[in-house]
Amino acid sequence: MAGDESVADVGALLAAARRVYEQSYGGEAQVAVCAPGRVNLIGEHTDYNQGLVLPMVSGKLLPLVTVIVGSSTSGHSCSIETITESADEPRRVDFDLPTESSPLTRGQPAWANYVKGVVQHYRAQPLPAFKAVITSSVPLGGGLSSSASLEVAMYTFLQQLCPDDGDKVAKAVACQKAEHTHAKVPCGIMDQFVSVLGKEGHALLIDCRSLEATPVPLTDPNLVILITNSNVRHSLTGSEYPSRRKQCENAAAILGKSSLRDATVQDLENAKDRLDSVTYQRAQHVIEEIERTAQAAEALKKGAYQEFGKLMVESHNSLRDLYEVSCPELDVLVAAAMEVDGVFGSRMTGGGFGGCTVTLLQADATDRTIKHIQERYSGHPTFYRTTPSEGAWVISPVEN
Ligand code: ADP
Ligand code: MG
């Protein structure tokens, strides 16, 4: 039964985290929680432009998830340890609970900033101190949002120690705020939103302006959503993402709009002589990508996979040529996938400059697609078959 495989996977993460918990802190962790990373089908670099996105999460069956186990403790001092390799940074960090006069600030190790940010922006009081262990099956920095899954897992953990009002959208927003203030990444809302609100058997069409989500069924057993990790990460200066965001804000300001969500291709055309060519390109990508995402959601509802696939490839080409966030490795992975009979579409997913592609294909084409990509790609790709599942959940009671 497929379910057995899933339990073993989350179970293995859980067992590893519990073992480290016992070694590091003694005793058994009271609480265990899980939050998925994000697989974006289409709608890239549109969320921070108040646009549309169409992601899903892969949790229970084929897990790409972060697991946290832990317990509350007396006093003010919190300890948290990650088992996941994160650069050469120390794996364990201790910090005091924030107070009004001494909030939690950024520091080293860098990974702990995601955790501290969530503690700082948690929406209920009084939080007890805690000790906890983190582990994850989401590749770090691979475009599947290990960062959001860490934030949402952390928030879900804190909910068990000190319940908040249960408002899921507010939870996603608090996690996004943590990434802004403590990790200093000016991300949109997509990743945290879908990590919290993901729905089994569905992708979510999220309107990042109204924060409304429409579930789009995605359960066809003849369809596979395959992630291919290029296993390359081009470390640029780290300024690429904020600079794209700034270019979009500039474009919106020149067009007289509060965001590019409110702009049309015609608005852009009318303002052509007031925009430099790069700003024009960035805005063109965003405006067209929002429209493509709306069309893709309609295509998915109708089961029009060819049409959906075509939009995915258009999205990739636009990210490559107009938004300039792809890289040769991602381009090869997409090109290779598109050469296989039974593949509907393929594109880079996530912020870009390395990381993963997402490919929509007929289930019976999966093996030959993987084989063909392996032959065509000179690096060492890893593959994940994903299935849309629910957002963060509590694994409770902790299994023995
Ligand atoms: P992505 O979200 O696409 O995986 P990011 O650069 O946004 O890439 O986030 C990756 C960072 O998140 C890591 O470098 C690390 O600081 C932090 N992180 C995510 N998951 C973990 C984890 N399990 N343990 C420690 N740090 C983590
Ligand atoms: Mg991230």
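Where is Gly303 found? I began with this residue in what is a predicted model, and I located Gly303 in the loop between helix H8 (277-302) and helix H9 (305-321). I then looked up how far Gly303 is open to its surroundings, and because its relative accessibility is 31%, Gly303 counts as partly exposed. I also checked its distance to Pro217, and although the two residues are 86 apart along the chain, the C-alpha atoms of Gly303 and Pro217 are separated by 9.4 Å.

**Entry on the whole chain.** I turned next to the overall picture, and I noted that the protein chain has 11 helices and 14 strands. Along its principal axes, I found that the C-alpha trace spans about 60 × 50 × 35 Å. For 400 residues a compact globule would have a radius of gyration near 21 Å, and I wrote down that the protein chain has 21 Å, which agrees. I recorded that 56% of the 400 residues count as buried. I also looked at contacts between residues at least 6 apart in sequence, and of these 73% join residues at least 24 apart.

**Entry on helices H3 and H5.** How do the axes of helix H3 and helix H5 cross, and at roughly what angle? I found that the axes of H3 (residues 146-161) and H5 (residues 190-197) come within 9 Å and cross at roughly 50°, which means that H3 is oblique to H5. I noted in addition that the crossing of H3 and H5 is right-handed. On the H3 side I listed Ala148, Ser149, Glu151 and Val152, and these meet Asp191, Gln192, Ser195 and Val196 in H5. Sorting the residues of this contact of H3 with H5, I have 3 nonpolar, 3 polar and 2 charged.

**Entry on helices H6 and H8.** I went back to H8, the helix that comes before the loop of Gly303, and looked up its meeting with helix H6. The axes of H6 (residues 240-255) and H8 come within 9 Å and cross at roughly 90°, so H6 is roughly perpendicular to H8. I saw that Arg244, Gln247, Cys248 and Ala251 in H6 meet Val278, Thr279, Arg282, Ala283 and Val286 in H8. By class I recorded 5 nonpolar, 2 polar and 2 charged residues in the contact of H6 with H8.

**Entry on the backbone.** I kept in mind that most residues other than glycine have a negative phi, and that most peptide bonds are trans. Which residues does a cis peptide bond with omega of about -5° join? I found Gln108 and Pro109, and I placed Pro109 in the loop between strand E6 (92-96) and helix H2 (112-121). The peptide bond from Gln125 to Pro126 is cis as well, with omega near -5°, and I located Pro126 in the loop between H2 and strand E7 (129-136).

I then looked up positive phi values. Asn231, a residue other than glycine, has a phi near 55°, and I found Asn231 in strand E10 (residues 223-233); because its relative accessibility is 45%, Asn231 counts as partly exposed. Glu324 has a positive phi near 55° too, and I placed Glu324 in the loop between H9 and helix H10 (328-338). Buried or exposed, or in between, is how I asked about Glu324, and with a relative accessible area of 38% it is partly exposed.

Conventions: Residues numbered from 1 in each chain as written. Chains lettered and ligands numbered in written order. Predicted model: local features only at pLDDT ≥ 70, side-chain atom pairs only at ≥ 80, totals over all residues. Heavy atoms only, no water. Axes fitted to C-alpha atoms, helices over the stretch in contact; angles between N-to-C directions. Helix = DSSP H or I, 4+ residues; strand = E, 2+ residues; numbered from the N terminus. Parallel < 35°, antiparallel > 145°, perpendicular 65-115°, else oblique. Left-handed = near helix turned anticlockwise from the far one by under 90°. Contact = heavy atoms within 4.5 Å. Nonpolar A, V, L, I, M, F, W, Y, C, P; charged D, E, K, R; others polar. Buried < 20%, exposed > 50% of the residue type's maximum accessible area, 1.4 Å probe, protein only. Rg over C-alpha atoms; globule rule 2.2 N^0.38 Å.
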